[in-house]
Amino acid sequence: MMNPMKNALLALGLTLSMALTLSAGSALAEGVKLPERDWSFNGMFGTFDRGSQQRGFQVYKEVCASCHSLRLLAYRNLAGIGMSADQIKAVAAEFEVTDGPNAEGAMYTRPARPSDRFAAPFANDNAARTANNGALPPDLSLMAKARKGGADYLHALLTGYKEAPPEGVTLSEGMQYNTYFAGNQIAMAAPFADSAVEYADGTKATKDQIATDISTFLAWAAEPELEERKRLGIKVLLFLIVLTAMLYAVKRQVWKDLH
Amino acid sequence: MSNKFFENPVIKWVEYRLPIFSFIDESVGSGYPTPKNLNYWWNFGSLAGIVLTILIVTGIVLAMSYTPHVDYAFESVERIMRDVNYGWLLRYIHMNGGSMFFILVYIHMFRGMYYGSYKEPRELLWIIGVFIVLAMMATAFMGYVLPWGQMSFWGATVITNLFSAVPIIGDSIVTWLWGGFSIDNPTLNRFFSFHYLLPFVIFALVFVHLWALHVHKSNNPLGVDIKGPEDTIPFHPYYTIKDLYGLGILMIFFMFFVFFAPNFFGEPDNYIKADPLVTPPHIVPEWYFLPFYAILRAVPDIWFISAKLGGVIAMFGSILILILLPWLDRSPVRSARFRPIYRQLFWVFVVDCFILGWVGANSPDAVFHGIPFLWIGQASTAYYFAHFLFIIPLVSILEKPKMPPESINAAVTNKGAAS
Ligand code: HEM
């Protein structure tokens, strides 16, 4: 009787691992392995590194925001990276948004408020394409969830540019060679080099550090609930384990007189 | 339920007018006799029922914040994730609940195949089960379209396009299904409507399933009939507590995914909003459809039947063939425990299903150690059908089964001799 039970558990384990390793993936260069990084938000007890998140926001604001929108985020969400209400108000006020119509029926611009969504760099996709040689810089709100590998992929992509393509590969007009991008030819120029930003907290802005920080920030932007989810999950699992152990004891007790 | 309970005047008053308490007692209480030797494989049916309930409850609450419109669906799901209180929890429970439901029901079905639960007098019970899986598949397929991500859109495109394989009227059927000339807002709206309706149809089917179950009671690991009261124990408290313990184990497994790997069963591409102009490099369905997807793509052009039509026939046939199982299997012995050959072949069949799932996850053009996936898919598809059409009928006639015990009670009181 134990035998079919074991077999089936084995089979179940096999499917799960198969699903994990073999399901065909989304945009990622064929045959390259992503370096796995030790993110602070990995694992059952993982949380975001606040300093890294805030530096990452600085990178987004100073570098990426000129091309990429982050339209699922509102300024008020920045409380999630540890910014105070006043800081958020100040950040929002740096951006202009269109509002209206006013009493006279005219649209007008005003400084953004914490409740506004992040202002986008372009009015629409066509404007974004025109400014980028026909390539569309995608919205980054869910980027960390929309690519296999998540933050690992983002870090690898942002540091995976090659000065010159390998022999035998000719790049199309306006394209760069990137080891990790699907098809290896990417329309986005390497967005930063060493010291591209000057961190307010004095952290040395190496290329690797910048990539780590922006990846952390984007991982949070895609899963702002991550910390709460894991915290609650630990409690739920502990509760269930105790409850199940008790149910097992009761089951033994109830069935005792039968055996 | 104790007699004391039925002596309570309020209970008596209600019971006289509507015998609901004795109905409950005879369905899942002390008045329902159950074989005393059921093992843990008999937990999966009630677990599936609980997960179905969880799916319906979370689904109804999700629908309160979801907008079935091509311009807003994707954003409304993200609003649920970000702005609705515990919306992320609701959505992750619903998403992973779908996968749990299929895991449980697939195990439940393999259980039935191993212990011969589909045999006389439980044929209708089994056939209702087959309709339940079909309804589950339709529900899950349409539910996956609702978040309007890239896989939602392209998965729906691939699957609905299959109907164009029907001779002559195929294209008209597809236009009719879509409510237009492409997958668009009308399609999304009707899918939402059906996704809300079908779970209640499943619920009704489960009710009929249980009605049939309660006529001849559960089968059991020995596959011998209940001969008398000495073979049974009351459902309550014995199986209520056993089912609750099983539920605890399931919940630990289920909640692990919900809280720590919520997107494990999903595809990253579904976090990209649907774009009719950009085809994803690999279109894959959810994991529980992978074996059927492999069967769909395995069939070549045969004579005047196009590969597409043949694939569709094979795919639906692979499920519908289960309806015939009670008559394909001629063996008088139910449980595989007493069928040495069938028992081996059962496990070969299980492995074949896993191979099909693996093939379904890969592009047919891909190769595995020099062997094209297409060939692996064709071989395992052929084996799938051969299992039902040749292996089961032949083995059931040729195999010499071992002698099952006289009765459940005889085997249980004489432990060791049976298993
Ligand atoms: C919504 C999905 C389903 C639910 C909620 C469900 C529920 C149940 C429950 C509660 C039982 C009694 C407990 C047990 O024996 O495990 C049962 C028995 C049974 N089910 Fe299902 N079921 C479902 C789907 C299916 C499917 C898809 C099949 C097969 C095609 C199936 C075949 C059977 C059979 C043959 C029995 C009698 C088993 C026996 O006593 O050995 N069920 N079901």
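The legends below describe close-up views of a predicted model.

**View 1. The largest nonpolar core and its best-connected members.** This core holds 138 residues, and those that touch the most other members are B:Y106, B:M113, B:W148 and B:F388. Helix 6 of chain B, which spans residues 87-115, supplies the largest share of the core, namely 17 residues. Because domain 1 (38-73 + 118-224) and domain 2 (228-259) of chain A both contribute residues to this core, it lies between them. A second, separate core of 48 residues has A:W39, A:L70, A:A92 and A:F118 among its members.

**View 2. The surroundings of B:M113.** When neighbours within four places in sequence are left aside, B:M113 is in contact with several aromatic residues, including B:Y118, B:W126, B:Y342, B:F346, B:F349 and B:F388, and also with the leucines B:L322 and B:L325.

**View 3. The iron atom of the ligand.** The protein donors are the NE2 atoms of B:H108 and B:H209, which lie 2.1 to 2.2 Å from the iron atom. Six donor atoms surround the iron atom and subtend angles of 78 to 179°, so the arrangement is octahedral. Since B:H108 belongs to helix 6 of chain B and B:H209 to helix 10 (residues 185-216) of chain B, the pair ties together parts that are 101 residues apart in sequence. Both B:H108 and B:H209 are buried.

**View 4. B:I391 in helix 15 of chain B.** This helix covers residues 373-398, and B:I391 counts as buried because its relative accessible area is 18%, where the cut-off is under 20%. Not counting residues up to four places away in sequence, B:I391 touches B:L345, B:Y383, B:A386 and B:S396. Although B:I391 and B:L345 are 46 residues apart in sequence, their C-alpha atoms are 8.3 Å apart in space.

Methods. Residues numbered from 1 in each chain as written. Chains lettered and ligands numbered in written order. Predicted model: local features only at pLDDT ≥ 70, side-chain atom pairs only at ≥ 80, totals over all residues. Heavy atoms only, no water. Core = buried A, V, L, I, M, F, W, Y, C linked by side-chain atoms within 4.5 Å. Buried < 20%, exposed > 50% of the residue type's maximum accessible area, 1.4 Å probe, protein only. Helix = DSSP H or I, 4+ residues; strand = E, 2+ residues; numbered from the N terminus. Domains from an automatic or database assignment. Contact = heavy atoms within 4.5 Å. Donors = N, O, S within 2.8 Å, 3.2 Å for Na, K, Ca; no water. Tetrahedral: all angles 85-135°; square planar, octahedral: opposite > 155°, others 65-115°.
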